[in-house]
Each structure stands twice: as structure tokens, then as C-alpha cells.
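This briefing covers strand pairing and helix packing in one protein chain. The sequence and structure come first, followed by notes grouped by topic.

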Amino acid sequence: MIVTRFAPSPTGGLHRGHAWSAILAHDRARDAGGRFILRIEDIDGNRSRPEHVDTILADLKWLGLHWDALSFQSARLEAYRAALDRLAGMGLLYPCFCTRADIAREVAASLSAPHGPDGPPYPGTCRAIPAAERAQRIRHEAHAWRIDMDAAVARVGPLTWTDERAGAIVANPAPSGDVVLARKDAPASYHLAVTVDDAAQGVSHVIRGADLFVATHIHRLLQALLDLPTPAYHHHPLLADAHGKRLAKRDGAPMLARYRLAGEDGCAFAARLRTDMGLGPPLALPVETIKGDS
């Protein structure tokens, strides 16, 4: 059975780009007689708000979308802790006490610092801290948990995953460096939580934006380490505004609530988006965009 999901963070409302992603996942499941899951990724305690959850639910219902299950990541903290404990038992995690300023200084001091897909990766400052010092500092200092990427890659060996638009992909998580799996202010990072949740909820097809294409390399590594299944992936193009700029909450993209509260017909709004869902040729970066407003 095909199982898809839409997994927004309640840190604000939804915009057209979110709507497109939700519609793609919803329609894929419905067309195949499968299940569509709505997962609220609400473990960022500093930014998640209950009122945003209410807005997300209202927006999706306004679009005419219906889900078979609703879950909240905040109810699954024990599952993330178990995954972290398993990785720690393999000797693949280490505590990181660095602040963002510390990391910026380290990167600036290294003229030869390599650049990963999201900029310079973590320089590994805390990786070499002796075990006794780690144990002492953990008791008194805030810390994140990072994966030792080189050790993790060596443990699992070559990996592949499949994107429905780009084809077979050789996993290459190493350029992302020692990514955080549990933040100082959150019990799990996006990478860990989404990987654990997709497996637990039986998601067979992950349909999401092309901005998360590179993250899938990390998720494939975690699947291998934790003996989790690998779903099929479909990374769709991102929507852009009239100036070609990717729609984003932080940039003030128009929220669906604006159209909903203005009395627009949500099902008609969704139908217009569906007419723009021609997915074009196989995925190539930089990501394709659709310009203009609906």
C-alpha cells in the first residue's frame, strides 16, 4: 500500500509552496487507494505554536484535503531517544559544546575549510575532546549531539536511494559533515526525527520539495545505521514568486490563510495549483520554479 505524508512545522502558516507539496502527497495516496498522513513536526519548542497548528489544519481542510492519521512529533520523544541511544552505543555520536559563534570563528580561521551543500560543514572541534573531559562537561554545559560522519559512512559502506525524478542516486552524506542529531534546545534534529517517523509510520513514498534533496543522503545513512526501510522519494520543484525567488515563510510569502479568510474557494485554489503541476524533465539543480501567483 502506498503511504504518503505531509509534515509541516507549526512555526507559521502555510503558503502556496506548502499547498503544492501537500496536494501532491495527498493525491498520490488517494489515486492509489493508499493512506495520507499529516504529521505536525512540533519539537522546536522555541518556535512551535498551538495557534499555528490550528491554522495549518484549517488551511488543509480549506484546500479539500483529508488525512487518515494525524500525529505530533512532540509525542514521540522516546522513539528519538532510543535511536540516539542506539547510535551512541555504536560509538557514532559525540557531544558538541560549540556555539554558532565558536563555529564561525573556527571556519573563518581555516582558509582551506571545505564547503558542503549548506556551506562549510562543522569543523569537528569537539570530536577530539577526551572521554573524561566530555563526561565532566556534559554535566555542566549545554550540548548538542553530532554524528561522526566519517565513522558512520565507514560502518555502512556504499548506499543508494531512488528519486522518482532523478533516478538511482549514490548516497553521499559525507560533504554535510558531522551533522547535529539532537540540538541543545530540542530532543532531536530534523534529520533524525523525520527518518525515525517515516519508518514508524510506514511511509512508502516521501514527496517533498527539492530543497531537501541533499538531506536525503543523510537520511539514507541513518536508515542503514538504524536498520530502517528506505522509501521511494519524489523531490518536486519549488514554487517561486513573480521575481523568481523561492517562496519562504521567513521572506513573507503570502499565506494561505490570507486567501481563506478573504473568502476564496479553497478547492478551486487547489484545482488551479493542480493545473500547474506539470513536473517537467528529470530533476536538475538548480531547482526548477513556477513563477507568478495563482
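In this predicted model, helices α3 and α7 are roughly perpendicular to each other, because their axes cross at roughly 110 degrees and angles of 65 to 115 degrees count as such. The remaining notes detail that contact, then turn to a parallel sheet and an antiparallel hairpin.

**Helix pair α3 and α7**
- Helix α3 spans residues 77-89 and helix α7 spans residues 190-200, and their axes come within 10 Å.
- From α3, the contact uses Ala-79, Tyr-80, Ala-83, Leu-84 and Leu-87.
- From α7, Leu-192, Ala-193, Val-196 and Asp-197 take part.
- Sorted by class, the contact has 8 nonpolar residues, 1 charged residue and no polar ones.

**Parallel sheet**
- Three strands form an open sheet in the order β1-β2-β3, with parallel pairing.
- β1 (3-6) and β3 (69-72) are the edge strands, each with a single partner strand, so one side of each has no neighbour in the sheet.
- From one strand to the next, the twist averages 25 degrees.
- Strand β2 (residues 35-40) is joined to β3 by 4 bridges, and Leu-38 has Leu-70 in β3 as its bridge partner.
- Helix α2 (residues 50-62) packs on this sheet and touches β1, β2 and β3.
- The direction of α2 makes about 155 degrees with that of β2.

**Antiparallel hairpin**
- Strands β6 (residues 160-163) and β7 (residues 167-170) pair in the antiparallel sense over 4 bridges.
- The hairpin connection from β6 to β7 has 3 residues.
- Thr-160 has Val-170 in β7 as its bridge partner.

Key. Residues numbered from 1 in each chain as written. Predicted model: local features only at pLDDT ≥ 70, side-chain atom pairs only at ≥ 80, totals over all residues. Heavy atoms only, no water. Axes fitted to C-alpha atoms, helices over the stretch in contact; angles between N-to-C directions. Helix = DSSP H or I, 4+ residues; strand = E, 2+ residues; numbered from the N terminus. Parallel < 35°, antiparallel > 145°, perpendicular 65-115°, else oblique. Contact = heavy atoms within 4.5 Å. Nonpolar A, V, L, I, M, F, W, Y, C, P; charged D, E, K, R; others polar. Pairing = 2+ DSSP bridges.
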